[in-house]
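Here are a few short exercises to work through with the model open beside you. Try each task before reading its solution.

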Amino acid sequence: MQLPALAIRNHQFTLVMFLLLVLLGGVSFFTMPRSEDPQFDFSAAIIKVVNPGTTPLDMEKLVVDPIESAINELDDLKDIKTSVEDGLAVIRVEFLYGTDPEDKYDDVVSAVAQVRDQLPDGIVDLSINKISPSDVNTLQLALVSEIVSYKELKRHAEALEQRLERVSGVKRVDVDALPKLEVQIQVNQQTVNGMGISLDEIQRAVATAAQNLPGGHANAGPRRFTVRTSGDYESLDAIGETVVRARSLNAGNDSTVGRFIYLRDIAEISLTESLPSYRAKLNGRRAVFISVVQREGTQIFDVMAGIQAALDQYVEKRLSDNIEVHTVMDQSQSVKKQISGFFDNLNQGLILVAVLSVVVLGFKPALVVVTAIPLSIFIAIGWVDLTGFGLQQMSIVGLVIALGLLVDNAIVVVENVARHLRDGDSPKEAAIAGSSQVAWAVASGTLTTVLSFFPMLLMQNGSGTFMRAMPVTVVLTLFASLLIALTLTPLIASRLGSAASKTTKAQAKLETIAAGPYNHWLNRALRHPAKVLVISFALLFGSLSLFPFIGVSLFPKAEKPMILVNIDMPEGTGFEQTQIMADRVEAIVSEHELVVDIAQNVGRGNPRMYYNIFPARQTVNYAQLFVTLKQGDLPTVEPMVAALRNELGNIAGAQIIVKELLQGPPVEAPVAIRIIGEDLDKIQAVSRDIADIMDRTPGIVGVDNPVGKFKVDLKVDINRDKAAMLGIPLNSIDRTIRTALVGLPMGVYRDDDGEEYDLVLRLSEYPRPELATFDDIQIATATGQLVPLRQVAEVKPETSIARFQHYDTERMARITADVLPGFTTEVVTNKVIEQLDQYAWPDGVRYAVGGEQANRKEAFGGMAKALILAVFGIFAVLVLQFRSFIQPLIVFAAIPFALIGAFLALFLTGYTFSFTAFIGLTSLVGIVVNNSIILVDYANQMRREGMEQLEAIAASARTRFVPIVLTTLTTIGGLLPLTLSGSSMWSPMGWAIIGGLLVSTLLTLIVVPVLYRYLGKMPDQD
């Protein structure tokens, strides 16, 4: 290969090219986006339909079935998950990975639009939103005050919302936990009954007066005038002036006097809060949340600086002294800590690699090797920025993995140049000859390593998308290192002079080992090849037997300083009782020293603060606590979580689940079992049994079965015959009942500030809906007389299912659970499955496994395909290099032996075979073959120069012993800081690579020469 010679001869061009590449990387480093977790999109949408007062079964029939039917006809559909409950349906649609998110979102919008006219008219909200892991709040603020009214809090929250949305890099600002304000027109039932005025009559009067119908325009000669009619209400007093009834009274002498009944005469009118549905507190104090979503592709630290400046300015000049602003969650702090930690690992690895290089190679040769590290990293960062991936844990881990690999090429080149210098060549001749001699081996070695990572880029599933930045970074870094090794490294080596030929003490020691003990054992192995192969394969099968003891998992816990506490009250529980329970739970949680803040949400989940968690339920019997902690490492957090589960498990009257955050793509829960069928009664009964089975299974905690709960409704059974005899329309009865219980919207009132409020008709006797209200409701007959509701209708309780789910349009109950520390999800799930297989399943009901196991099968299936593709790709490269189909098999011998070290390392360290460990194993495929390539390639070169087969492989092994050992040590040194960090995410990967590389290197130095003896025919002899 002539590239090294060209680089040395055109050294000015080479230096300018690298200067520009490094400059691009340096600029990218300071400007590229930073985030804590991967920023990626996939094709998914969520449809939310709100139709108050509709039972789950009616929601299914009237809303869910038509929408699902339309969605099910779309192409590239992966699955449809639906949750149905009282008045609410949430349909989550996912498409195959690799499809365009924008196109698929448009398809969903179009499908829903086609069936919109089939849906009920009473729907108050139908929203369709894209699901994006990157669309997560990077900042959550709280406006806290026990004194200031919600109207004042709303004014400040909306002013802040407008200011923050103008900050560069802010995509959206949301305000949550503000109560809905409305103009309540409260009438006294007894008073209006005595006056013979029905609620219907009041509703018609206000609704008619509240209409703002433009009058149009009128022409007068050449001029045109806009005609203004009655318009909106101008004040609350104007609402009170609404005429409800006008009567003419005889005053004698055939004259009449008009008597008007105004709304103010029969009702109290006030701007007040509606019935509570969502309230929030921060550390026990009333709060309103302001959440900020960062725009993709922006620098989080720059965005936060802009937000802080706008916030400080507003607080100083406009915020009331009675209102405090608190930061609930600031992702930039976590990003800073995360990136800082990864760069610490990178720097520590860099120091270790540099020290090893100096000790073994000497200062000047090590300088050449170490120079390749920052240059490769900066060039790779520039390229990563161009591909659209920012700096986050995946891309930085890619740099850490590549750290030990990128010096391999430089070490091989420098060591070979030094060998030529020792043989008496001039520095320039040694640089050209030494680098050219190993150029093809270095290039093919890099290509094989790249090929082991490249198939990961093709994985079309959640895990592949989540991890994509890591293989991209590794591949680009390796290409940068190859470019440096074949151009800049020879150039610098040519300027070192004879100093590069000096042998260090460490190198002399390694060469002594190579010539002495290693050479002795190598010759013995070559004399007894059969024994060597038998022992090697025995070690391989022995390591495979460890796999059941290692266990399998997908992604570990996130080790974030935050947890969630979900509180589910019994169906039918009112908002006030849920609030009392949330306060009680918060008081218990706050007693733990690790707790910093508690954001309490009653009626809804906390605003979204983690990329794989989506909005929770919206109902008055649900509450969620978002708890931030002083630190997030598992040894500290897990004992606190275990203690909380014990303390909260003793509380009667609520289901309380403590949830830790998980890494990886979205998953419903670590353990999830789907009960599928058509008969809801059977599904509900079976779901209770399965929940009991899971509860009794060791290692399982926090079992949740939403479908196993009943709710009691009140059914108003109208006697249609009586209603018809009295001339009472059925819709009049419905409207009157709604007015008496929760209020009837009649129009809109707009105040001087342009704010709009619903006009709601209520009964003053009942601030909250009460069962006793039915005793006082009066219905107007056709003659205007009032009759009690009880005369035409009977109110009776009715039991029904509280909520249920669909999966791919089929009815389903999903039972979910978490796993206790010390247990693996795979083992626990398999124990549950064993019991499910023995369960007496009713006809028409079956189960399917979801959760982590389903995701793991999909992820590992994708990784297995990636591994197979990598092996075939590497084999093809080796066939081209060696021009043989036999010799690549010698090189491949290193791959199975890497399993020995990987499994042994995981077993000894106690880590499971997780998705990241699988990535480590796949990475090993490309890494470990490099040593074999160096041995076989050099043996072939010497045989072409006239050596015999055994003599050539023995000489090759002794000559390449030092660079092979050094490249192995530098790879391990680069990974060691990350591996020893104790990260549940990355330590398994590090140990798999380190263990596999150690054992594979030792066996490669013995087994590859033995195999070369059997299979090492030269290409022209094949």
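**Exercise 1. The whole chain**

Task: Work out what share of the residues in the protein chain is buried, and describe the chain as a whole.

Solution: Keep in mind that this is a predicted model. Start with burial: of the 1022 residues in the protein chain, 56% are buried, where buried means under 20% relative accessible area. Next, take the secondary structure, which comprises 33 helices and 30 strands. For the overall dimensions, the C-alpha atoms fill a box of roughly 140 × 75 × 55 Å along the principal axes. Then turn to the surface: the chain exposes about 42,700 Å², with 55% of it supplied by carbon and sulfur atoms. Finally, look at the contacts with a separation of 6 or more: 80% of them join residues 24 or more positions apart.

**Exercise 2. Two packed helices**

Task: Classify the packing of H27 and H28 as roughly parallel or roughly perpendicular.

Solution: First locate the pair: H27 covers residues 825-837 and H28 covers residues 851-882. Their axes lie 9 Å apart and make an angle of about 115 degrees. Angles of 65 to 115 degrees count as roughly perpendicular, and H27 and H28 are therefore roughly perpendicular to each other. The crossing of the two helices is left-handed. Now list who takes part: H27 contributes Thr 825, Glu 826, Thr 829, Asn 830 and Ile 833, while H28 contributes Glu 852, Gln 853 and Arg 856. Sorted by character, the residues of this contact comprise one nonpolar, four polar and three charged.

**Exercise 3. Positive phi outside glycine**

Task: For Asp 76 and Ala 177, find the phi angle and decide whether each residue is buried or partly exposed.

Solution: Begin with Asp 76, whose phi is positive, near 60 degrees, although the residue is not a glycine. Asp 76 sits in the loop that links helix H3 (56-71) to strand S2 (77-85). Its relative accessible area is 36%, so Asp 76 is partly exposed.

Continue with Ala 177, another non-glycine residue with a positive phi, here about 75 degrees. Ala 177 belongs to the loop between strand S6 (170-176) and strand S7 (181-187). Because its relative accessibility is 2%, Ala 177 counts as buried.

**Exercise 4. A distant partner in sequence**

Task: Find how far apart Pro 133 and Pro 665 are in sequence and in space.

Solution: Place Pro 133 first, in the loop between strand S4 (125-130) and strand S5 (137-144). With 0% relative accessibility, Pro 133 counts as buried. Then compare the two separations: Pro 133 and Pro 665 are 532 residues apart in sequence, and their C-alpha atoms are 8.5 Å apart in space.

Note on methods
Residues numbered from 1 in each chain as written. Predicted model: local features only at pLDDT ≥ 70, side-chain atom pairs only at ≥ 80, totals over all residues. Heavy atoms only, no water. Axes fitted to C-alpha atoms, helices over the stretch in contact; angles between N-to-C directions. Helix = DSSP H or I, 4+ residues; strand = E, 2+ residues; numbered from the N terminus. Parallel < 35°, antiparallel > 145°, perpendicular 65-115°, else oblique. Left-handed = near helix turned anticlockwise from the far one by under 90°. Contact = heavy atoms within 4.5 Å. Nonpolar A, V, L, I, M, F, W, Y, C, P; charged D, E, K, R; others polar. Buried < 20%, exposed > 50% of the residue type's maximum accessible area, 1.4 Å probe, protein only. Areas by Shrake-Rupley, 256 points an atom, 1.4 Å probe, with all protein chains shown as cover.
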